Structure formats: structure tokens, C-alpha cells
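Hi everyone, thanks for coming. I'd like to walk you through one structure today, so let's put it on the screen.

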Amino acid sequence: SQIYKVLNGLSTKLRFALTGSPIQNNLFEYYRMASWVRPDSLGTESFFEKTFATLIMDGMAADCTIFQAEWQERRTKELHAILSDFVHRRDDA
């Protein structure tokens with residue numbers, strides 16, 4: 001998106017972002033937020049799409065196969081492991 005491109009061009013010592021629940025809304029928004037905060041942490045957008053987004057979204061579909069659901073679970077855990085060092089989730093609960 002244009003906002004991502006503009007923000008990525010800013011030279012800063014520290015980057016901090018707040019968001020709602022992007023993983024429930026749009027994985028690419030989540031990718032852009034994480035990549036802005038920690039550049040190169042998730043690779044290129046096409047790598048992220050192939051490695052995480054497609055498999056996660058396919059496995060979340062109501063009519064997904066057991067194989068797709070298993071891959072979704074694996075990739076979600078991998079993504080959370082990568083992000084756990086710099087993304088801090090807080091739930092209402």
C-alpha cells in the first residue's frame with residue numbers, strides 16, 4: 001500500500017505500531033506492520049504469501065481438508081515464533 005511505502009521510507013531509530021486484530025482481518029496488513037517494525041523479519045511479500053498467508057488462509061476455510069488445517073496450524077505457530085520477539089499481543093480477557 002502507499003502508506004506502507006511512505007512509512008518504510010522514514011529513517012528512524014525505533015519503530016512502534018499499534019493495531020487491532022490484523023491476523024483476523026488481513027494477513028498482509030500484519031505482514032506490513034511487522035516488516036515496518038522489523039524490516040526483513042518475514043522476507044519479501046511474495047515469500048510471506050507463499051510460506052504463510054496462503055497456507056494459513058486455506059486452512060481457515062470452513063471447507064478445508066485435514067491436511068490444510070494441519071498446515072495452517074504449523075504455519076501459524078511458525079509465524080508466531082518469528083514474531084514473538086517483537087510483537088506483543090494483548091487480549092481483552
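Which element of the protein has the lowest mean pLDDT, and which the highest? Before I answer, please keep in mind that this is a predicted model. The lowest mean, 55, belongs to helix α2, residues 22-25. At the other end, helix α5, residues 66-83, has the highest, with a mean of 96. Where pLDDT is low, the predicted coordinates should not be read in detail. For the protein as a whole, the average pLDDT is 84, and 82% of the residues score at least 70.

Now, the overall layout. There are five helices and zero strands here, and following the sequence along gives the pattern α-α-α-α-α. How much of the contact network links residues 24 or more positions apart? Taking the contacts with a separation of 6 or more, such pairs account for 45%.

Next, burial and surface. The protein has 93 residues, and 27% of them are buried. About 6900 Å² is exposed, with carbon and sulfur atoms supplying 55% of that area.

Let me finish with one spot on that surface. Ile3, Leu7 and Leu10 make a nonpolar patch of about 270 Å². Of these, let's look at Leu7, which sits in helix α1, residues 2-8. Is Leu7 buried or exposed, or somewhere in between? Leu7 counts as partly exposed because its relative accessibility is 32%, and the partly exposed class lies between the buried cut-off of under 20% and the exposed cut-off of over 50%.

Thanks, folks, and I'm happy to take questions.

Technical notes:
Residues are numbered from 1 along each chain as its sequence is written. This is a predicted model: local features need pLDDT of at least 70, side-chain atom pairs count only at pLDDT 80 or more; totals for chains, interfaces and linings use all residues. Side-chain values use heavy atoms; hydrogens and water are left out. Patches are made of residues with over 30% relative accessible area and no salt bridge: like charges are joined within 9 Å, nonpolar side chains (Val, Leu, Ile, Met, Phe, Trp, Tyr) within 5 Å. Accessible areas come from the Shrake-Rupley method with a 1.4 Å probe; for residues, only the protein chains shown count as cover. A salt bridge is a side-chain nitrogen of Lys or Arg within 4 Å of a carboxyl oxygen of Asp or Glu. Helices (H or I, at least four residues) and strands (E, at least two) are DSSP runs, numbered from the N terminus. Buried means under 20% relative accessible area, exposed over 50%, partly exposed in between (1.4 Å probe, protein chains only). pLDDT is the predictor's confidence in each residue, from 0 to 100. Contact means heavy atoms within 4.5 Å.
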